[in-house]
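Reader: I am new to this structure and would like a close look at a single part of it. Please take the lining of the largest cavity as the starting point and work outward from there.

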Amino acid sequence: MDSSVFFLVITAAALHAGWNALLKIGLDRFLTASLIQIAAGLVALLALPFVAFPRPEAWSWIVLSALFHIGYNIYLARAYQHGDLGQAYPLARGSSPLMVAALSVLLLGDRLAPGELVGLLVLVGGILLMAVRGGRGKEPIHASLLGSALMTALFIAGYTLSDATGARRNGDALSYSMWLFAVNALVMVVVVAIIRGPRTFLQLGPYWRGGLAGGAMSLAAYSIAIWAMTRAPVALVSALRETSVLFALLIGALLLKEPLPPIRLLACGVIAAGVALLRLL
């Protein structure tokens, strides 16, 4: 992987962790994630006059990705009902790169060198290690949590592969990204109205500043990832993007004064080793 692509994806991971820290703004996680996606779409609307209209062959992938995002939001919210953030998030985000790696070889023809595969497995192992003992260190990983987390991972893999394919066929990653976020926001407005009712949008008003900040970070983070997937194997980009878990832990420890137990420190070290292997091998 080219150095510029590598470091930009790491930057995207930090931005991803930043907007996920805003999940604590006061709404439930489904509404917070929906607010951030809608806000990202509003930011993308401002960019639409300055980017090209996507090619016809890209539109089916944009729509498919928006549908996958619906499943992602629903199943992530369900995972949080069965386990805390410290379990559900690493399980979902750590499992998805493995699915992406397998499917990208079969569907996109991407190939990984042996060293890259080792680095990917080490990095993912570190992420999954964070989920072993849960956010409070005692909760077991039961079937309901595991099922919801794996379904979340499957939807992550789905929209990742859809967007990699769509951006590559479009030939313009920026154009694809901006239109994707605009369409995704429209879809989420409809989904929220159906699931929670139109009056739910009144609850979002007081949180618009945090939503816009999170939306802008989400837009930047995933746009970088989509661009990177046109320059490097999708599996590597997907795995590096999930180092957001490491940045989230650092934000929690340094800014929010959250505890960092030894198992998490060990997991951080394993993730860092995986990143180093991906960069050096």
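Author: In this predicted model, the residues that line the largest cavity divide into 8 nonpolar, 6 polar and 2 charged. The volume of this cavity is about 180 Å³. Its lining has 16 residues, and those closest to the centre are Trp 19, Gln 37, His 69, Tyr 159 and Ser 218. Two or more lining residues come from each of helix H1 (3-21), H2, H3, H7 and helix H9 (208-229). The count of cavities of 30 Å³ or more comes to 4.

Two of the helices that line the cavity, H2 and H3, are joined by a loop, and Pro 54 is placed in that loop. Helix H2 spans 29-47, and helix H3 spans 56-82. Pro 54 has a relative accessible area of 3%, and it is buried because the cut-off for that class is under 20%. From Pro 54 to Leu 180 there are 126 residues in sequence, while the C-alpha atoms of the two are 9.6 Å apart in space.

Helix H7, another contributor to the cavity lining, covers residues 173-196 and includes Ile 195. The relative accessibility of Ile 195 is 45%, so this residue counts as partly exposed. Ile 195 also belongs to a nonpolar patch on the surface, together with Leu 186, Val 190 and Ile 194. The accessible area of these four residues together is about 410 Å².

Helix H3 leads on to an open site as well, since it is one of the elements that give two or more residues to the lining of the second largest pocket. The others are helix H4 (85-107) and helix H6 (143-170). The volume of this pocket is about 160 Å³. Its lining consists of Trp 61, Leu 64, Phe 68, Leu 103, Leu 107, Leu 108, Ala 157, Gly 158, Leu 161, Ser 162, Thr 165 and Arg 169. H6 gives the largest share, with 6 residues. Sorted by class, the pocket lining has 8 nonpolar, 3 polar and 1 charged residues.

Helix H6 also takes part in a salt bridge. The number of salt bridges comes to 1, and the partners are the side chains of Asp 110 and Arg 168, at 3.4 Å from N to O. Asp 110 sits in the loop between H4 and helix H5 (114-129) and Arg 168 in helix H6, so the pair ties together parts that are 58 residues apart in sequence. The two partners fall into separate accessibility classes: Asp 110 is at 12% and therefore counts as buried, whereas Arg 168 is at 32% and therefore counts as partly exposed.

Beyond the loop that holds Asp 110 comes helix H5, where Gly 125 is found. The relative accessibility of Gly 125 is 32%, so this residue counts as partly exposed. Gly 125 and Leu 15 are 110 residues apart along the chain, and their C-alpha atoms are separated by 22 Å.

Further along the chain is helix H10, which covers residues 234-241. Because 8 of its 8 residues are buried, H10 is largely enclosed by the rest of the structure. The buried residues are Val 234, Ala 235, Leu 236, Val 237, Ser 238, Ala 239, Leu 240 and Arg 241. Among them, Leu 240 has a relative accessible area of 1%. The C-alpha atoms of Leu 240 and Val 275 are 7.1 Å apart in space, with their positions 35 residues apart in sequence.

Helix H12 takes in residues 262-280, and Leu 265 is placed there. Leu 265 is at 48% relative accessibility, so it counts as partly exposed; the exposed class starts over 50%. Leu 265 and Gln 203 are 62 residues apart in sequence, and their C-alpha atoms are 38 Å apart in space.

To return to the starting point, the lining of the largest cavity includes 8 nonpolar residues, and the elements that give it two or more residues include H3. Helix H3 likewise gives two or more residues to the lining of the second largest pocket.

Notes:
Residues numbered from 1 in each chain as written. Predicted model: local features only at pLDDT ≥ 70, side-chain atom pairs only at ≥ 80, totals over all residues. Heavy atoms only, no water. Patch = residues over 30% accessible without salt bridge, like charges linked within 9 Å, V, L, I, M, F, W, Y side chains within 5 Å. Areas by Shrake-Rupley, 256 points an atom, 1.4 Å probe, with all protein chains shown as cover. Helix = DSSP H or I, 4+ residues; strand = E, 2+ residues; numbered from the N terminus. Buried < 20%, exposed > 50% of the residue type's maximum accessible area, 1.4 Å probe, protein only. 1 Å grid on protein atoms, 1.4 Å probe; cavity = no way out; pocket = protein on both sides within 12 Å on 5 of 7 lines; lining within 4 Å. Points joined across faces, edges and corners; volume = space filled by probe spheres on them. Nonpolar A, V, L, I, M, F, W, Y, C, P; charged D, E, K, R; others polar.
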